[in-house]
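Me: I am new to reading protein models and would like a close look at a single part of this one. Could you walk me through a strand and its neighbours, and then show me how that part sits within the whole chain?

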Amino acid sequence: MKKAILPVLILVLALSLCACASSVQDNLPDNQISTSPTPVPTVFVENVPMPTPDLPLDEVPLETLMADFATKIQAGSAGSSLKAVGQAVRFMDWAIGTYMSEEEIFAAVDFFLSQLDEAALAEYMMQLELLDYTYQLLLTPGQEELLATAGCAESNYPWSDKPLRAAECFMNAAGLRATYQLPLEYTEAQPAINELYSDYLSDCYHALNERWEFDYMMEQGLNATIFQDFLSREAYSPISALDELGYCLYDVNGDDIDELIIGKISLPNEVFNILSCTSGTLTTVFEGWERNLAFICSDGTVVTRGSGGAAVTYYTYYKFDGSALTPFGSVIHDGNASPNAPWFVSQDGDMDITNDIPATQEQAQGIIAQYEALYISFPLTPFSALA
Ligand SMILES: [Ca+2]
Ligand SMILES: [Ca+2]
């Protein structure tokens, strides 16, 4: 598979890890300040301006920020866009620095919005729309002059040239990210299924219903490993494979062509198969099994999590262009090869840790958590519905 290096996301994550580390240190009494700060893998920090040590990026609680947006952003008034710049800067500093999970962000946003009456909510949503617009503007190049005019020349610009995970979670929770809600719509109205997909899904149904042989499933391009595994469980499970496994259409990379997602109904963010029909033929983009699963993030990143036994776990991060996956980074825990310092990070997608960079557990798990916050749970339709 072609290798491409897209370091920005990893760099952003590293930046946030550095920021968190510095803020923790800033909050310690003097006699507890560590004299040997955790080294950051150099691969993460190349060409990236480090946050200034006296500026802990995550020091402002989200609820404080949200209250400030209400008083300091004036949508539609003179000078409103400049005031929004200052708030967008704080918002992006928060997004880079926060360790809040997706659930925590959702809960905080939901709670704040639920306190507002109808008129206040309408006003606040206009303020958030201006904030969102400004935030997206600040992800683009050439905004130095705008920042200087707004009195924010000393900001951490450019934070990133890609959407920030926490910021996207926030906007999604506020209802400003239509794409994130797409999977939910599938439960209400199934879209017309592409003929390539419908033939494939029909095979899936018949394979499970008629218990096709393993080799025949393989010949038909089905996920024989998973299908046979779930069929064999029927001996002791009250749920049939037809009801346990399901599918969903979802446009992973935003090119208006849906991909076909196959997974387990009860674990709706774990994906066994991703299929594409972008090229005009049905293509298997990813085929997994229970120890090598995929997860799809709301920003289009595809993550695979593989296991090589109890002590070995691989997380690989991919860009998806509609037809193929290209790895841009990985986080590996290998307690066999390196029992005392098992975590590694890299910008490659191979399983080889000899060309990777050692990382602390905190750094590695920080990267994993930032992507986990974006995993989509798909409302899968059971194959039994195709009867
Ligand atoms: Ca697509
Ligand atoms: Ca490697």
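Reply: Here is a tour that starts with one strand and its partners and then widens to the rest of the chain.

Please keep in mind that this is a predicted model. Let's begin with strand β8, which covers residues 325-334. Is this strand mostly covered or mostly open? Mostly covered: 9 of its 10 residues are buried. A useful idea to hold on to is that side chains in a regular strand alternate between the two faces of the sheet.

Strand β8 has a partner in β7, residues 312-320, and the two run antiparallel with 9 bridges between them. You can find one of these pairs by looking for Phe320, whose bridge partner in β8 is Leu325. Between the two strands of this hairpin there are 4 residues. Gly322, in the same hairpin, has a positive phi near 110 degrees.

Now look at the pairing of β8 with strand β9, residues 343-346. This pairing is also antiparallel, over 4 bridges. Here His333 stands opposite Trp343 of β9.

With the strand in view, let's step back to the chain. It has 387 residues, and 39% of them count as buried. Its secondary structure comes to 14 helices and 11 strands. Among contacts with a separation of 6 or more, 59% are between residues 24 or more positions apart.

Next comes the nonpolar interior. The largest nonpolar core holds 91 residues, and Met92 and Phe227 have the most contacts inside it. Helix α4, residues 80-97, gives the most to this core, with 9 residues. The core draws at least three residues from each of domain 1 (8-182) and domain 2 (183-386).

Met92 is a good residue to click on. Not counting residues up to four places away in sequence, Met92 touches Tyr135, Leu138, Trp159, Leu164 and Ala167. One of these, Tyr135, is among the buried residues of helix α6. That helix has 20 residues, 118-137, and spans 29 Å from its first C-alpha to its last, close to the 28 Å expected at 1.5 Å a residue. Its other buried residues include Leu128, Leu131 and Asp132. As a general point, an α-helix has 3.6 residues a turn, so residues three or four places apart point the same way.

A few backbone details deserve a look too. Most residues other than glycine have a negative phi, and most peptide bonds are trans. Against that background, Tyr157 and Pro158 are joined by a cis peptide bond, with omega about -5 degrees. Pro158 sits in the loop between α7 (144-149) and α8 (165-173).

Two residues other than glycine have a positive phi: Arg211, near 50 degrees, and Asp256, near 70 degrees. Arg211 lies in the loop between α10 and α11 (214-219), while Asp256 lies in the loop between β1 (245-250) and β2 (259-264). Why does Asp256 count as exposed? Because just 7 other C-beta atoms lie within 10 Å, and the exposed class takes 12 or fewer. Arg211 is partly exposed because it has 13 such neighbours within 10 Å.

Finally, visit Asp203 in helix α10, residues 195-209. Asp203 is partly exposed because 15 other C-beta atoms lie within 10 Å. Asp203 touches Gln220 and Leu222, leaving out residues up to four places away in sequence. Asp203 and Met217 are 14 residues apart in sequence, with their C-alpha atoms 8.7 Å apart in space.

Note on methods. Residues numbered from 1 in each chain as written. Chains lettered and ligands numbered in written order. Predicted model: local features only at pLDDT ≥ 70, side-chain atom pairs only at ≥ 80, totals over all residues. Expected span 1.5 Å × (residues − 1). Buried ≥ 20, exposed ≤ 12 C-beta atoms within 10 Å, placed from the backbone. Core = buried A, V, L, I, M, F, W, Y, C linked by C-beta atoms within 7 Å. Domains from an automatic or database assignment. Contact = placed C-beta atoms within 7 Å. Pairing = 2+ DSSP bridges.
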